[in-house]
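Me: I've got a two-chain model to go through with you. Mind if I fire off some questions?

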Amino acid sequence: MSELDKVRREMAAVLQQPGVRPDPSLRITRRTFVHKSCLVGAATVAETFAWWPLINTLDIAHAAEAPFKFAWISDTHLYPKSLNTRFVEKTMRAAKEVQAMSPPADFLIFGGDLAQLGKVEELELGVEILKEVNIRKVFIPGEHDWYLDMGKKWGELFGKPNWTFDHKGVRFVGLDTVSRGPDYWTAKKMSPEERMGHMATLDGTVAGPWAGVGSDQLDWLQKTLANWDRNRPVVIFSHNPLYEYYPPWNFWVRDWREVNEVLKPYTKVTNIHGHTHQVLYNEIGTMRSIGMLATSWPWPYAPEGVPKLTKPMIRVDPGDHFDGVGWAKIDVSAEDKVDAEYVMWRKQVYAQSPDDYAKSIPEVLRPRVADSMWPY
Amino acid sequence: MTAPITSRFILFRAAPAVALAVLVGPAGAHKDPVTPKLLNAYQEVFMEQVRKGDLLFHGDAATEEAMGVVLSKTGMACAMCHPMTADTHPATFPKFQAQMAKFATLRDMINWCIEKPNQGEKIADDSEAMKALEAYIYWSQSGSVLNPGKF
């Protein structure tokens, strides 16, 4: 059994115990239940394609004091304007559309990877473009923002990477899942650019398992939640998913076990994350997890570990740089419901047939070799 | 007209030659017997191509310069949309490729990606860079099932 299989089995044993689910009041929609009942008997991939709703609807009971919306943008991966205008164009489009929301969103959460290579001019370009949005803005960092200067510029622009606030009956928490990567650069005497380069390579083997919450931040999270009613809703924003999906691409946090320990007592936890650039949905213990689209480019699903509850997004047309990307709006209604809606710019979001879905032919992939053979 | 080779021919006329070959070994064969050393040498040649292809696929500027190619002018590299070559589906080529609206090989697709999403400069079909990219992509997916023509 591979190392990955062992971890995955352990996760299933620890987190997916019989009877442990997100609080029933957090359920998605009736349509989702139809889908899930199908899953139980689903023998083939094809059968799981037909039922998922276009909108993931979460009920956050006892939550809303008044209806509100908020918006999510992430993974803009801006290069300097002179190098890549497409990413700029798409970030501007997302910003304009968020600003045009009617009624307006209460706030915008930017979920990390504003810059591609952490450069001052890339981060400043992002700030400039997001000036279009004049509602409240909160930011968490992505690894692309961080590893050139170890978060210096990002901190100057956006302040602390982790924070919390209460808004209309919901406790919001922003986590920093990127800054605690193991030191792979000092011993190899890498320049900041080299360090950033390895971090920016999703399938690289040098940067290692950099995604994590860290024990200090977990202590902080525990204290932050200590005075919160365990039956009231908590929404946690993080760049990486808070469960283990595919560690070779850091589609996880390495300390997911400890994160689960801290969150276990709270029955209505929703994690909204970026980094994976794809439609994702999962339930882990009492936590519900939703993956958001990038504005820059979509990533294919990992060769294994895609949560069973995820209905895959449609196979992307590489000839259209507006396909497979976009942003999201999250709508808290008067009935205490929260809808997370993917705003994908090509309107079709989910695969309608197995043929639409890239993984309908399983690919058997190997990790790259050159970065471990090269004399770094 | 040559006589058909029959079992009778093998038995009576070729028998001495067969016996000699068995006794002295394959002296007249056109290659030496394969040894582990030889296999390693072949493998090294292959892996060197894989390594170069890996670097090109991941946008390594030094390798691009050394091989005289410009695979991207947007900062994008192949691996940004295809980590570990995911979603390249080399095993499905050749096939009708919708983006090009023509019957295409993997090499056609590589060039399409270089020219369209990456906005780089097309490379020759038989160039070193093309062979290296192809080597890396096939190597990465060597467990995948051959399925030419599949969408």
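## Chain B, the contact and the core

Among contacts in chain B between residues at least 6 apart in sequence, 58% join residues at least 24 apart; contact here means C-beta atoms, placed from the backbone, within 7 Å. This is a predicted model, where local features need pLDDT of at least 70 and side-chain atom pairs 80 or more, while totals for chains, interfaces and linings use all residues. Residues are numbered from 1 along each chain as its sequence is written, with chains lettered from A and ligands numbered from 1 in the order written.

Me: In what order do the elements of chain B run from the N terminus on?
Reply: Helices (H or I, at least four residues) and strands (E, at least two) are DSSP runs, numbered from the N terminus. Chain B has seven helices and two strands. Their order is α-α-α-α-α-β-β-α-α.

Me: Which helix of chain B gives the most to the largest nonpolar core?
Reply: That core is a set of buried Ala, Val, Leu, Ile, Met, Phe, Trp, Tyr and Cys residues joined through C-beta atoms within 7 Å. It holds 109 residues, and Leu133(B) is one of those touching the most other members. Eight residues come from the top contributor, helix H7 (residues 128-140).

Me: Is Lys152(A) buried or exposed?
Reply: Lys152(A) lies in helix H6 (residues 152-158) of chain A. Buried takes 20 or more other C-beta atoms, placed from the backbone, within 10 Å of a residue's own, exposed 12 or fewer, and partly exposed is in between. Because Lys152(A) has 12 such neighbours, it counts as exposed.

Definitions and conventions:
Two residues are in contact if their C-beta atoms, placed from the backbone, lie within 7 Å.
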